[in-house]
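Please look through the sequence and the coordinates below, and then follow the account that comes after them, which moves from the whole chain to single residues.

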Amino acid sequence: MTLIDILFGAFALPFMARALLVMLVLAVVAGTVGVLVNLRGLEFISDGLTHAVFPGLAIGLALGGTAGLVPGAAIAALAAAVVLTWLDRAGVTTDAAVAIVLTAMFSAGVIVVSKSDDYAGELEALLFGRVLTIPPDEVVPVIVVCLVAAVGVAVSLKQQLFRAFDRSGSRAAGDSALVLDLVLNAAVALVVVAAASTVGTLLVLALLIVPGAAARLLTERLWWLFPAAAVFAGLAAWLGLAAGFAGSFAGGVDLPAGSTIVAVFVAGYGVVLLAHWIAGRRRSLRAGAVR
């Protein structure tokens with residue numbers, strides 16, 4: 001099997017093509033939303049939301065099978081986003097609010113899943129995803145959820161950036177902190193919903209955090225952060241799927257698709273970090289030579 005077969009030929013298979021389509025849309029939207037998460041320092045809140053979708057996934061699966069996953073997760077995630085935003089506005093510290101919501105929702109999800117006959121199998125699917133076995137009828141709902149998150153961020157982008165860098169100025173300009181926080185938390189929640197049925201609830205945080213962190217190493221220009229994060233995320237998703245296919249079919253190693261994608265995200269960040277460090281060292285040496 002040649003490199004061209006691995007990078008392109010694999011996606012001639014219908015299940016690989018579906019996985020690539022979903023992962024590209026998800027990765028690009030998650031990377032874009034993740035830039036705002038990074039700028040606002042909301043990584044811990046995002047972690048809380050990733051666990052908050054779990055009971056929705058469990059209830060949706062119990063009531064409607066795989067078709068109920070996305071609606072159930074969406075309801076749970078949006079409810080958690082509202083609760084987290086309200087607790088923050090009520091004066092509860094962010095860490096405490098996240099801990100309360102995270103433990104309450106995750107424990108409820110485990111209780112629901114434990115009532116299933118196939119407890120272990122369903123728990124594994126919800127935690128680690130099933131990107132290669134996404135049914136055709138779930139592709140459109142997942143993409144729609146991603147696009148709704150993207151639209152919410154795009155409409156409020158300037159105000160979100162203003163709030164990220166100058167909260168007092170944002171309030172003075174008449175921006176509603178409550179509305180902006182709700183929109184961003186809801187966007188994060190929707191990304192988590194889409195990712196939960198692909199890479200799973202335990203690994204979704206990588207899709208939100210890694211592209212934004214890599215983008216901040218790649219460019220110092222604010223508006224370039226978003227395309228940089230989107231391109232990084234899209235490439236990592238594509239290469240992750242290709243690497244999983246190569247390992248499983250050519251190398252004879254059974255690689256979980258979701259975990260392989262996340263591993264490529266992290267490895268990609270490592271490459272960017274190393275390149276950033278080398279570039280910084282070269283600039284320092286040149287500056288020293290000039291002196």
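In this predicted model, the accessible surface of the protein comes to about 13,600 Å², and 69% of that area belongs to carbon and sulfur atoms. Of the 291 residues in the protein, 48% are buried, where buried stands for a relative accessible area under 20%. The secondary structure consists of 13 helices and 0 strands, and among the contacts with a separation of 6 or more, 78% join residues that lie 24 or more positions apart.

The interior can be approached through the largest nonpolar core, which holds 78 residues and in which Met23, Val33 and Phe265 touch the most other members. Helix α2, spanning residues 14-40, gives the most to this core, with 14 residues. In soluble globular proteins, nonpolar side chains tend to be buried together. Once the neighbours within four places in sequence are set aside, methionine 23 is in contact with Val131, Thr198, Val199, Leu207, Ala237, Leu241 and Ile261.

One of these partners, Leu207, is also among the buried residues of helix α11. This helix, made of the 15 residues 204-218, reaches 22 Å from its first C-alpha to its last, which is close to the 21 Å expected at 1.5 Å a residue. Because 11 of its 15 residues are buried, α11 is largely enclosed by the rest of the structure; the buried residues include Val204, Val210, Pro211, Gly212 and Leu217.

Alanine 58, which lies in helix α3 (residues 43-64), has a relative accessible area of 4% and is therefore buried, since that value falls under the 20% cut-off. Its C-alpha atom is separated by 9.0 Å from that of isoleucine 111, although the two residues are 53 residues apart along the chain.

On the outside, Val140, Val144 and Val148 make a nonpolar surface patch of about 250 Å². Valine 148 is found in helix α7, residues 136-155, and because its relative accessible area is 46%, between the limits of 20% and 50%, valine 148 counts as partly exposed. An α-helix has 3.6 residues a turn, so residues three or four places apart point the same way.

Finally, aspartate 175 sits in the loop between α9 (167-172) and α10 (177-196). Apart from its neighbours within four places in sequence, aspartate 175 is in contact with Gln159, Phe162, Ser170 and Leu180. For glutamine 159, which is 16 residues from aspartate 175 along the chain, the separation of the two C-alpha atoms is 7.1 Å.

How values were computed:
Residues are numbered from 1 along each chain as its sequence is written. This is a predicted model: local features need pLDDT of at least 70, side-chain atom pairs count only at pLDDT 80 or more; totals for chains, interfaces and linings use all residues. Side-chain values use heavy atoms; hydrogens and water are left out. A nonpolar core is a set of buried Ala, Val, Leu, Ile, Met, Phe, Trp, Tyr and Cys residues joined through side-chain atoms within 4.5 Å. Buried means under 20% relative accessible area, exposed over 50%, partly exposed in between (1.4 Å probe, protein chains only). Helices (H or I, at least four residues) and strands (E, at least two) are DSSP runs, numbered from the N terminus. Contact means heavy atoms within 4.5 Å. Patches are made of residues with over 30% relative accessible area and no salt bridge: like charges are joined within 9 Å, nonpolar side chains (Val, Leu, Ile, Met, Phe, Trp, Tyr) within 5 Å. Accessible areas come from the Shrake-Rupley method with a 1.4 Å probe; for residues, only the protein chains shown count as cover. A salt bridge is a side-chain nitrogen of Lys or Arg within 4 Å of a carboxyl oxygen of Asp or Glu. The expected span of a helix is 1.5 Å times one less than its number of residues.
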